[in-house]
Amino acid sequence: MSPTSTSVLPLIHPLAMDNYPDDSFSDVESDIFSLRSGPSSATSCDVSMRSGSPAPSMYSVTSSIRAASYRQQFGRGLNNYSEVYQLPADDEELDRLDKQHEMFKKIMGAYPPPMAEVMADDTPGETKAVLDLGCGSGSWIMDVARDFPHCRAVAVDLVPIQSMQVTFHSVDDINIGLQHFYGDFNVIHARLVSSGIKDYQSMIDHISQCLRPGGLMELFEFDFRVYGSDRKPLPLTIGAMEPRGGSPDAANMLYSWTLQHPAFQDVVYDEYFLPTAPFMSGQGPNDDFLRSTSEILRDDILAFLRSGRPLLLGSGLQESVVDELQHRAELELKEARTANYMRIERVYARKRP
């Protein structure tokens with residue numbers, strides 16, 4: 001299927017997230033996507049943490065283990081497990097990710113079109129299983145657990161998440177490898193993880209081996225560029241992740257890497273140009289939609305500017321320089337005088353039978 005480009009997208013109502021106690025661990029097709037209510041897919045929550053060995057070790061999650069997962073740096077709580085991923089993992093960042101998740105559902109829907117077919121409970125003796133790599137706040141995988149209550153929902157991240165709806169949570173570094181998950185999953189999802197992945201193409205290969213035949217992979221990333229109204233990139237770049245080993249160009253390579261991989265078929269590519277601020281002045285339905293979407297993205301970028309301080313300061317930039325960059329960006333976003341866009345690139349594909 002040929003690549004597509006989308007700038008006018010559907011509307012979705014936000015989901016009210018449940019609150020869990022601090023120590024409770026043991027081309028878009030419709031205008032509205034309604035989340036089903038129903039029982040959780042899990043009756044317990046297991047958590048693993050591992051070192052350099054692919055074999056996971058089991059731990060119960062307590063406040064002390066959660067505390068050991070973080071370190072304070074530049075005024076934010078960063079993961080204590082990976083030197084590559086340097087965005088925060090504290091409450092402020094998780095709140096940003098929850099809101100960002102709702103924005104993405106508003107833009108492209110909750111799941112890629114093959115999801116319902118792949119997740120149908122129609123194979124005797126098989127429990128469908130879903131893996132979320134770099135789950136962040138866990139919003140996506142918790143949606144999966146609610147929408148497909150028959151499945152096993154598994155989350156992987158550098159810090160624990162708070163949800164009893166996720167069957168299994170692995171405190172894990174994807175860069176070490178995914179051998180312990182080979183052949184286990186019907187669906188694997190990864191979103192905005194490129195800043196923490198040393199070799200994104202290798203991760204795609206690991207995903208292919210973790211999927212069961214006919215399984216579904218969905219990946220999407222920002223490409224770390226800003227575009228003008230002509231959809232051409234402006235002479236701006238974000239290179240702070242490169243010295244730490246991230247993959248800032250992964251978004252631009254998702255389609256070719258997946259298309260060239262022998263394990264995948266039915267490869268679909270979409271790109272979405274999202275306005276970074278509500279600069280549009282029209283009053284039509286499309287303008288209203290773009291305006292509301294751009295307000296969400298603007299707020300997300302403003303929060304990301306705060307989240308990105310440890311990454312920028314850790315790359316060697318002086319604090320005065322970071323302060324000035326942040327001030328100018330905030331001023332431009334709030335004034336909304338310029339038509340600028342950010343691009344999301346998404347690929348989904350099926351593993352060959």
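L192 lies in the loop between β9 (185-191) and α5 (200-210). Its phi is near 55 degrees, a positive value in a residue other than glycine. The model is predicted. Aromatic pairs come to 9 in the count. Two of these pairs, an aromatic cluster, a charge over a ring and two backbone angles are taken up below.

**F104 and F220**

- The ring centres of F104 and F220 are 5.2 Å apart, and the planes stand at 85 degrees, so the pair is edge-to-face. The cut-off for that class is over 60 degrees.
- F104 belongs to helix α2 (residues 91-108), while F220 belongs to strand β10 (residues 211-227). The pair therefore ties together parts that are 116 residues apart in sequence.
- F104 is buried, at a relative accessible area of 2%.
- F220 is buried too, at 3% relative accessibility. Both values fall in the buried class because that class covers anything under 20%.
- F104 and F220 also belong to one aromatic cluster, together with F222.

**Y227 and F273**

- Y227 and F273 form an edge-to-face aromatic pair. Their centres are 5.3 Å apart, with 90 degrees between the planes.
- Y227 lies in strand β10, and F273 lies in strand β11 (residues 264-275). This contact ties together parts that are 46 residues apart in sequence.
- Y227 counts as buried, at 4% relative accessibility.
- F273 is likewise buried, with a relative accessible area of 6%.
- Strand β10 thus supplies a ring to each of the two pairs: F220 to one and Y227 to the other.

**Charge over a ring**

- R231 places its charged end over the ring of Y341. The distance to the ring centre is 4.3 Å.

**Positive phi**

- Most residues other than glycine have a negative phi.
- L192 departs from that pattern, with phi near 55 degrees. L192 is a loop residue, between β9 and α5.
- D266 has a positive phi as well, near 50 degrees. D266 is found in strand β11, the strand that also holds F273.
- D266 is exposed, with a relative accessible area of 52%. The class applies because exposed means over 50%.
- Within strand β11, then, D266 is exposed, whereas F273 is buried.

Definitions and conventions: Residues numbered from 1 in each chain as written. Predicted model: local features only at pLDDT ≥ 70, side-chain atom pairs only at ≥ 80, totals over all residues. Heavy atoms only, no water. Phe/Tyr/Trp six-rings, centres within 6.5 Å; stacked < 30°, edge-to-face > 60°. Helix = DSSP H or I, 4+ residues; strand = E, 2+ residues; numbered from the N terminus. Buried < 20%, exposed > 50% of the residue type's maximum accessible area, 1.4 Å probe, protein only. Lys NZ or Arg CZ within 6 Å of the ring centre and 35° of its normal.
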